[in-house]
Amino acid sequence: MKKPDALQGSLDLLVLKILERRPRTHGYGIMTAVKDASDDLLRIEEGSLYPALYRMEEAGWIRAEWIKNDTGRRARVYELTAAGRKQLGLEESRWHAATAAINQVLRTV
Amino acid sequence: MSVWTRIVNVFRSDRVNCEIAEEFETHIEEAVAAGRNEREARRALGTYVRHRKEGHQVRVIGWLDSLRADAIFGWRQLWKHKTTSVAAVLSLALGIGACGAAFRLVNALFLRPLPIQNSERLYAVRLDGVTFQGKPFIWDTMSYPVFMKMRAAVAGQAELIAMEPAHRNDITFSSDAEMEKAYVQHVSGWMFAAFGLRPALGRLLTEDDDRVQGAEPYAVISYGYWSSRFGRDPGVIGKSFRMGDDLYRIVGVSDRGFTGTEPGKMPDVFVPTAMNVQGVREAGDGWLRVFVLPRSGIAIEPVRQQMYAVYRAFEQERAKAWTNIPKELLIGYPREKLLLRPAGTGVSQMQDDYRVPLTVLGLLVVLMLLIACANVANLIAARSSARSREMALRISIGSGRLRLAQMILAESAILAGLATVAGALFAFWAAPFVVRSIGHADDPVRLVFGGGWNVLAFGSFLALGTTLLFGLGPAFRASKIKPASALKGGDDPMARRRGMYLVIGAQTAFCFVVLFLSFLFVTTFRRLSERPLGFAPERVLLLNTLKKDNKHVIDWQPLLERIKAQPGVELVALEGWPLLGGMNDNELISMKGAPPTNVSSNFLGISPGWIKTMKIALLDGRDLQAEDARAHAVLVNRAFAQQYFGGRDPVGQWFTTLGFNGTPDRHEIVGWVADVAAKNVHEPMSPAVYLPLHTDALGSSWDSATLVVRTSVTDPSVLTATLRHTVEQSEPELRVGDVETQMELVRAQTIRERLLANLAAFFAVVALLLAAVGLYGVLSYSVLQREREIGVRIALGARLGHVTRIVTAQIFAMVATGALAGCALGLIAARYVQSLLYGVKGSDPITMAAPALVLFAAVLLSALPAVLRATRIDPATMLRAE
């Protein structure tokens with residue numbers, strides 16, 4: 001499952017989850033975090049990451065801020081808003097429901 | 001992201017884009033630092049442009065951002081054609097400003113609710129009847145006795161409030177030498193409580209102050225008067241002033257917002273009605289306006305019926321005592337109907353006088369604005385047609401049609417916005433200017449211009465309305481552009497021109513209406529000013545004098561001698577009151593013992609030498625003499641002779657009037673004079689009788705008289721101080737009240753006509769200019785568009801006449817149609833304004849000739865440059881240029 005788009009909506013879920021665990025992460029950090037956490041199994045397509053971030057920012061799930069990072073460069077970091085937390089819960093339960101349903105199908109047939 | 005941040009981001013889009021770029025670059029750098037190939041990383045991330053677009057959209061409010069872009073673009077477009085843009089803004093500003101000023105006037109006079117409680121429930125009495133001559137006549141004042149009877153009849157259902165129309169009065173605060181003017185109003189004591197007004201200082205009048213005749217000389221002053229006259233000194237309470245024979249004490253200052261119930265006038269001093277002792281007693285003295293305030297939940301119609309019943313009974317009883325009026329005139333008396341009209345916005349003479357004129361002015365300014373809008377619409381249409389290739393290109397590369405329409409509308413909105421701002425400034429200045437020109441220097445019109453929300457709303461409505469009016473058409477057309485055909489040069493170049501021609505037709509129609517109406521008003525004013533008055537008003541000064549003590553007998557002869565001896569004085573005489581000053585005494589007469597006639601004559605007391613002083617022609621007989629006072633000799637005018645003697649010389653005849661004690665007075669005619677305008681200059685000359693004032697000893701019935709002084713100076717008012725001094729020196733028992741020139745009174749007669757004529761003429765000139773400029777523009781544009789076609793035609797042998805025809809035929813047909821439509825509109829409008837006209841008929845086709853001629857000349861003149869240009873097209877150059 002290299003392509004995250006294969007499962008609709010999982011990109012938002014991954015980004016939100018990463019930001020919940022590691023608030024104030026910048027775009028590149030989110031990408032590597034997904035890669036590391038999935039032992040290199042999942043990889044966010046870079047071209048889709050930023051549009052997704054902008055979209056979630058517009059939806060009010062995350063907010064962005066400019067900070068100076070260790071190397072002295074400015075970086076744009078993201079964190080969850082209250083609405084984002086709620087959305088994450090929603091997406092998580094939706095994901096669990098979906099996978100449970102799929103597992104059930106796999107077991108019974 | 002908050003809405004506010006996104007709004008702010010619209011106006012710093014460069015910074016937003018920078019941030020997106022920065023984030024983009026940071027990502028690449030990190031990727032490179034992690035050991036990736038930069039080109040691979042860039043390829044994986046996608047193009048920057050796409051990120052910028054998506055990121056930008058999230059960070060701003062989309063429609064606002066595009067609006068900002070359109071506004072900037074529109075501004076640049078306008079800036080590119082500075083001259084035409086400025087001309088467009090100015091002409092629109094004039095139209096919008098004039099509309100705004102008219103609305104401010106209408107609002108102040110007719111729409112602004114009185115600042116009192118329950119103004120929506122307030123009604124005023126109006127009497128709708130006919131004169132003895134059968135002409136319709138409307139009035140709104142009643143006597144005190146009938147008012148009190150009506151009040152008692154409807155007690156419990158409605159409160160009735162009586163208010164005298166405010167008038168200027170002489171009052172003195174210290175000595176008689178320091179006489180000053182103030183607007184005084186007798187009001188029911190319970191008015192303040194009924195209107196829910198609170199005192200700003202002291203107390204207000206109450207019902208107890210208005211019970212006993214002449215017993216409670218208390219006064220409340222208005223907040224405005226307190227500020228302007230006393231500088232808001234709290235010590236004003238308890239101060240006294242003298243008015244007439246009474247000494248009044250100020251007990252309070254009224255509510256700040258309360259400026260009376262008469263838009264156009266603001267009373268300074270309120271006193272109880274009971275203080276006008278004579279007015280309270282006299283059943284024939286209609287001096288009070290009656291307001292009705294029904295209790296909540298009470299229907300007004302039954303109240304009106306009860307009041308009417310009381311009124312009829314009262315008047316019928318009163319008519320029984322009338323013996324000098326022909327019996328047949330009294331059949332069915334009183335014939336007038338008592339009506340109640342809503343009075344929440346006040347009741348005033350000015351409202352009645354200016355209802356129709358303001359409506360007409362409103363119509364004129366709206367037409368002017370429409371003409372200006374038409375010009376701007378054509379201007380924008382021409383510009384956007386020049387840009388049709390640009391538009392087509394925009395559509396081809398994916399611009400939405402709505403966006404294109406929005407772009408054109410943004411340009412229109414900038415024009416309208418600028419014009420509205422300039423127009424608001426104009427209206428701010430113009431409305432008070434008009435009010436000043438209506439008023440008299442001594443008796444100014446005082447109006448409250450509320451700058452309230454409705455003025456603001458009207459302004460926004462104008463701005464929006466004009467934008468849509470001239471922007472919607474071109475915007476709609478721009479959104480319909482077919483790129484393929486537009487890029488090829490358009491498949492129907494005529495379509496746009498046809499739209500323009502239609503606008504020109506409408507413009508011509510409006511212009512004709514404005515011209516026609518202004519022609520009517522200018523003619524009316526000219527006819528009125530040229531109307532012979534029958535006397536020479538130039539260089540005449542009028543001193544209105546009052547006796548301090550009614551019983552005192554004044555010997556006028558020495559006083560007249562002393563005035564005549566003053567330098568600059570040529571002649572001097574006395575009259576009961578000034579000609580054209582608003583005072584009248586109309587009486588019915590009996591010819592040689594016959595029963596009284598139904599045509600009343602206008603009576604005026606004069607001294608010997610009056611007709612010479614006024615330069616009135618003596619037709620036959622002799623002037624009055626000092627001894628005539630006892631012999632009851634009188635002069636009559638030509639209209640009198642016409643009425644009663646078939647125009648024959650009436651000298652030696654006699655007639656009677658009903659005297660004071662009911663016995664007939666016999667008058668001998670010793671001379672007749674030319675007709676003199678005495679009441680007003682609009683009506684035909686009416687029969688007049690000039691009877692002798694007692695010059696040796698002014699009879700007790702005369703407590704005031706006017707000194708007429710013919711001077712040798714151009715501006716007789718320079719003699720005011722000297723003559724005032726002379727009168728008061730030589731006769732201490734006399735007080736000089738108003739001093740005015742006869743010319744002022746003559747001019748005051750035509751204030752309304754002058755105002756209408758001036759404003760209408762101004763609007764007509766502007767409208768004509770705008771329409772001419774519009775026509776010139778459209779014609780030039782169409783010639784420019786058809787240059788090639790015309791060149792070909794000339795090359796093929798078209799003659800001058802032919803070229804002229806193809807250039808102008810269509811548009812002239814449109815202009816002619818427009819003018820015809822204008823004629824029809826003008827005829828309708830003229831019927832409405834007929835009451836304002838004098839000596840000119842709106843329905844007369846001949847009166848249309850002059851405005852039509854002017855319009856025709858303007859059309860020819862504005863068409864000339866384009867036609868010349870068309871005929872000078874050189875086919876060789878033209879074709880080579882292709």
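Start by selecting helix α7 of chain B, residues 144–153, in this predicted model. The buried residues of α7(B) pack against a ring of elements to display next: β3 (141–142), β4 (158–163), α10 (277–281), β12 (288–294) and α11 (300–319), in chain B as well. Now show the side chains of B:Tyr144, B:Val146, B:Phe147, B:Met150 and B:Arg151, which are the buried residues in question. Turn the view until you look down the helix axis: the buried residues of α7(B) fall within an arc of 160 degrees, so they line one face of the helix.

Next, colour chain B by domain. The division is domain 1 (3–60), domain 2 (62–112 + 350–491), domain 3 (119–349) and domain 4 (540–747). Note that domain 2 is written as two segments, 62–112 and 350–491. Keep domains 3 and 4 of chain B on screen; their C-alpha centres lie 31 Å apart. Where they meet, eight residues of domain 3 are in contact with seven residues of domain 4. On the domain 3 side of that meeting place you will find four nonpolar, two polar and two charged residues.

Now go to the nonpolar interior. Select B:Met368, B:Ile371, B:Val514 and B:Ala767, the residues with the most contacts inside the largest nonpolar core, which has 115 residues. Helix α12 of chain B, residues 349–386, gives this core its largest share, 20 residues. Centre on B:Ala767 and look around: leaving aside residues up to four places away in sequence, B:Ala767 touches B:Leu367, B:Met368, B:Ile371, B:Cys511 and B:Val514. Another core, of 60 residues, lies apart from the one around B:Ala767; B:Met191, B:Trp226, B:Val253 and B:Val271 are among its members. As a general background to this stop, nonpolar side chains in soluble globular proteins tend to be buried together.

Bring chain A into view. Here 14 residues of chain B are in contact with 15 residues of chain A. Which helices should you select on the chain B side? α2 (13–33), α3 (38–45) and α4 (48–59) of chain B each supply at least two residues there, and α2(B) brings the largest share, six residues. Colour that side of chain B by residue type and you get five nonpolar, five polar and four charged residues.

Staying with chain A, pick out its open sheet of three strands, in the order β1-β3-β2 with antiparallel pairing. The edge strands, each pairing on one side only, are β1 (25–26) and β2 (62–68) of chain A. Zoom in on β1(A) and β3(A), residues 74–80, which pair in the antiparallel sense over two bridges. One residue pair to label is A:His26 with A:Val77, its bridge partner in β3(A).

Finish with two backbone spots. Most residues other than glycine have a negative phi. A:Asp39, in the loop between α2 (27–37) and α3 (46–59) of chain A, has a positive phi near 50 degrees. Is A:Asp39 buried or exposed? A:Asp39 counts as exposed, because 7 C-beta neighbours lie inside 10 Å. Then jump to B:Arg232, in the loop between α9 (223–230) and β9 (240–243) of chain B. The phi of B:Arg232 is positive too, at about 55 degrees, although this residue is not a glycine. With 13 other C-beta atoms within 10 Å, B:Arg232 is partly exposed.

Notes
Residues are numbered from 1 along each chain as its sequence is written. Chains are lettered from A and ligands numbered from 1 in the order in which they are written. This is a predicted model: local features need pLDDT of at least 70, side-chain atom pairs count only at pLDDT 80 or more; totals for chains, interfaces and linings use all residues. A nonpolar core is a set of buried Ala, Val, Leu, Ile, Met, Phe, Trp, Tyr and Cys residues joined through C-beta atoms within 7 Å. A residue is buried if 20 or more other C-beta atoms lie within 10 Å of its own, exposed if 12 or fewer, and partly exposed in between; C-beta atoms are placed from the backbone. Helices (H or I, at least four residues) and strands (E, at least two) are DSSP runs, numbered from the N terminus. Two residues are in contact if their C-beta atoms, placed from the backbone, lie within 7 Å. Ala, Val, Leu, Ile, Met, Phe, Trp, Tyr, Cys and Pro count as nonpolar, Asp, Glu, Lys and Arg as charged, and the others, Gly among them, as polar. Domain bounds come from an automatic or database domain assignment. Two strands pair if DSSP finds at least two bridges between them. The arc is that of the directions from the helix axis to the C-beta atoms.
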